[in-house]
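Visitor: Please pick one part of this model and take me through it slowly. I'd like to know what sits around it.

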Amino acid sequence: MAAINAGASGFLLKDTEPETLLSSIRTVYQGNAIIAPSATKRLIERMTTGAGLTAAPAQPAYTDPKLDELTDREREVLIEIAQGLSNQEIADKLFIGLPTVKTHVAHILQKINARDRVQAVVFAYENHLV
């Protein structure tokens, strides 16, 4: 959690296959984020319990004003991102096209000033969207 709070764009386990490692490096280099699927559940549990977060109160005194800049659909997409869904899974769940999901993700990252999906997930949890 400290690494993600400090701006890390990914997390892989030490037994990651070499091909996956190389692919992940390319993904992060392109500005995206990677979290090992086997670690996603533990990461979400830590974020929901507050374990590992730096001095995060149970309920913040305020929500980030950037949250108000999101449309209702962008909030829906952000919630699905925070729950670990891929773009394709979000498209299927919300009955929208994959390009539309990608557009929403780009707008979300821009509006909340997040570098990648990992930072967007942290933003969603800090603002109690999930």
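Guide: Let's go with α4, starting from its partner α6 (residues 98-111): the two helices pack at an angle of about 90°, with their axes 10 Å apart. That makes α4 roughly perpendicular to α6, a label for angles of 65 to 115 degrees. The axes are lines fitted to C-alpha atoms over the stretch in contact, with angles from 0 to 180 degrees between N-to-C directions.

Before we go on, two notes. Residues are numbered from 1 along each chain, and side-chain values use heavy atoms, without hydrogens or water. This is a predicted model, where local features need pLDDT of at least 70 and side-chain atom pairs need 80 or more, while totals for chains, interfaces and linings use all residues.

Back to the pair. On the α4 side, Arg73, Glu74, Val77, Leu78 and Ile81 do the touching, and they meet His104, Val105, His107, Ile108 and Lys111 in α6. Touching here is contact, meaning heavy atoms within 4.5 Å. By class, the residues of this contact divide into 5 nonpolar, 2 polar and 3 charged. (Ala, Val, Leu, Ile, Met, Phe, Trp, Tyr, Cys and Pro are nonpolar, Asp, Glu, Lys and Arg are charged, and the others, Gly among them, are polar.)

Now for α4 itself, which covers residues 72-82. Glu74, Val77, Leu78, Glu80, Ile81 and Ala82 are buried in this helix, where buried means under 20% relative accessible area, exposed over 50% and partly exposed in between, with a 1.4 Å probe and protein chains only. Helices are DSSP runs of H or I with at least four residues, and strands are E runs of at least two, numbered from the N terminus. Just after α4 comes Gly84, which takes a positive phi of about 90°.

α4 has another partner, α7. Here the angle is about 105° and the axes are 9 Å apart. That again earns the label roughly perpendicular for α4 and α7. Sorted by class, this contact has 8 nonpolar, no polar and 1 charged residues. From α4 come Leu78, Ile81 and Ala82, which meet Arg117, Ala120, Val121, Phe123, Ala124 and Tyr125 in α7.

α7 runs over residues 117-126, and because 7 of its 10 residues are buried, the helix is largely enclosed by the rest of the structure. Among those buried are Val118, Val122 and Phe123. At the start of α7, a side-chain oxygen of Asp116 reaches to within 3.2 Å of the backbone nitrogen of Val118. Just after the helix, His128 takes a positive phi of about 55°.

Asn127 is in the segment after α7. This residue is buried, with a relative accessible area of 8%. A polar atom of the Asn127 side chain lies 2.7 Å from the backbone nitrogen of Asp64. Leaving aside neighbours within four places in sequence, Asn127 is in contact with Thr63, Asp64 and Leu67. Thr63 belongs to the loop between α3 (37-49) and α4, and is partly exposed at 42% relative accessible area. Its C-alpha is 9.8 Å from that of Phe123, although Thr63 and Phe123 are 60 residues apart in sequence.

Zooming out, the chain has 7 helices and 2 strands, in the order α-β-α-β-α-α-α-α-α. Buried residues make up 33% of its 130 residues.

Methods:
Polar contact = N/O pair within 3.5 Å; in protein donor to acceptor, adjacent residues only side chain to side chain. Parallel < 35°, antiparallel > 145°, perpendicular 65-115°, else oblique.
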